[in-house]
Number of protein chains: 2
Amino acid sequence: MVENFTPDIVIGRLPLYLRSLQQMEKEKRHTTSSQEIGERLGISAAQIRKDLSQFGEFGKQGTGYDINNLIMELRKILKVDRVWDMAVVGAGDIGSAIARYQGFADRGYRVSMVFDVDPEKIGGRIGAFIVEDMDKIEERIKEKGIEIAMIAVPAAKAQEVSDLLVKSGIKALLNYAPISINVPDIVKVQYIDPVIHLQRMTFYLSI
Amino acid sequence: MVENFTPDIVIGRLPLYLRSLQQMEKEKRHTTSSQEIGERLGISAAQIRKDLSQFGEFGKQGTGYDINNLIMELRKILKVDRVWDMAVVGAGDIGSAIARYQGFADRGYRVSMVFDVDPEKIGGRIGAFIVEDMDKIEERIKEKGIEIAMIAVPAAKAQEVSDLLVKSGIKALLNYAPISINVPDIVKVQYIDPVIHLQRMTFYLSI
DNA sequence: TAGATTGTTAATCGATTAACAATC
DNA sequence: TAGATTGTTAATCGATTAACAATC
């Protein structure tokens, strides 16, 4: 049997292609080419064609790709031809900004619940949500069948919250706390830490 | 002449090493090994040793690395043995969360100014800052000699804001708007778009 | 048709890892 | 000393690119 394994690094670029295509769609464009996508993203045209060819033949010689069609195909591949409900844990500044973020719309995700431990916050409103008690998190996540959570608690609490989320059945974690967390192999983790990105840039700045 | 070029992918890992080491420092630890750092980050010990060897010999056979010393060295390499002032552009939910973020402390950065175009926001307070008028941004950035900015405006305005920041002398941009921006080669850009990370994970989720 | 662009192959390039002498 | 761990080399592994036949 031939395994159809796609490298992680290829998967990592697909969302960028999708974002560019959705941008073009907004600009009322109808077709594009691997070259144009590449120019927008700073990636070679050959690489984009190679990446896409892992999943099928989506283009036409001479004319390129139909934007709407390729968007549809990428949505299927990335499993965002549906909407995923997410739980936000932590109702501080970051958690609140996430809960109110407009950028999830049309990209496959929506915030469904917001949790905190602070009795002052529980029961209060953040955007369209009522902040729920973290003591109820396992019950609520299981009841709703939620598989994705975003961690927006202090670094010192992130591992503990992560353990609880895994126990609750979460399969994908986006961690805003500036710390590495350990999860079982079946759970995916991604990190957002602005300082990491800043340090990647200041290396190149002259003092 | 032998160029001492360090691959971007190596630079990208150094901030992770630094973050792990600072975590260990907080735990009152004094020495560590490439193996331990690797385990915390899911990176091989050999790779960590190889990465560090690009910059010097920081360890001791048999005992490993002195945590405080390695932190100091990495800070020097990444140029965070100083504090960089940053401008935040956009005083919405994301801009406000950034302006109040406590996670910059001790990691080499601090927010110095916050800008917006909205007359309702200008003059108002966000954390320790008074929101300033974006019409003054070039003048203010040049006057303070700021080289790093964070973009937290709607996607439709991000390119325009980026152009203005480059014109103002900014050399590093952290873009929270979910869109690719074009800048001259001398300017570094990094992106924070939660949806990109989410899509990298849902690919692996079973429906 | 002529020009453009795909999908794919093979070659190149670069990154990771295994292994080990050196040495603390 | 014996055990541990570094820094480095060479081998392996994987990713990127150049090139082009196919074809719209």
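This note covers the contact between chains A and B and the protein surface near DNA strand D.

1. **Basis.** This is a predicted model, where local features need pLDDT of at least 70, side-chain atom pairs count only at pLDDT 80 or more, and totals for chains, interfaces and linings use all residues. Residues are numbered from 1 along each chain as written, chains are lettered from A and ligands numbered from 1 in the order written, and side-chain values use heavy atoms, with hydrogens and water left out.

2. **Extent of the chain contact.** Chain A and chain B each bring 58 residues to the contact (heavy atoms within 4.5 Å). About 5,900 Å² is buried between them, and carbon and sulfur atoms give 65% of that area. Buried area here is the accessible area (1.4 Å probe) lost when two parts are put together, summed over both. In chain B, the residues losing the most area to chain A are B:Q199, B:M201 and B:F203, together 12% of what that side buries.

3. **Polar links between the chains.** Six salt bridges are counted between chain B and chain A (a side-chain nitrogen of Lys or Arg within 4 Å of a carboxyl oxygen of Asp or Glu). One joins A:D193 to B:R107, at 2.9 Å from N to O. Between chain B and chain A, 26 residue pairs are in polar contact, both residues at pLDDT 80 or more. A polar contact is a pair of N or O atoms within 3.5 Å; within protein, one must be able to donate a hydrogen and the other to accept it, and residues adjacent in sequence count only if both atoms are side-chain atoms.

4. **Which parts of chain B take part.** Elements supplying at least two residues each include α1 (8–26), α5 (93–100) and α8 (194–202) of chain B. Helices (H or I, at least four residues) and strands (E, at least two) are DSSP runs, numbered from the N terminus. The largest share, nine residues, comes from α8(B).

5. **DNA strand D.** There are 25 residues around the strand, and B:S34, B:R49, B:F58, B:G59 and B:Y65 come nearest. A residue is near if one of its heavy atoms lies within 4 Å. Of the strand's atoms within 4 Å of the protein, 62% belong to sugar or phosphate and the rest to bases.

6. **Side chains at the strand.** An N or O atom in the side chain of B:Y65 is 2.6 Å from a phosphate oxygen of strand D. For B:R49, the partner is a base nitrogen, at 2.8 Å. For A:Q47, a sugar or linking oxygen lies at 2.9 Å. α3(A) gives the most to this surface, with four residues.
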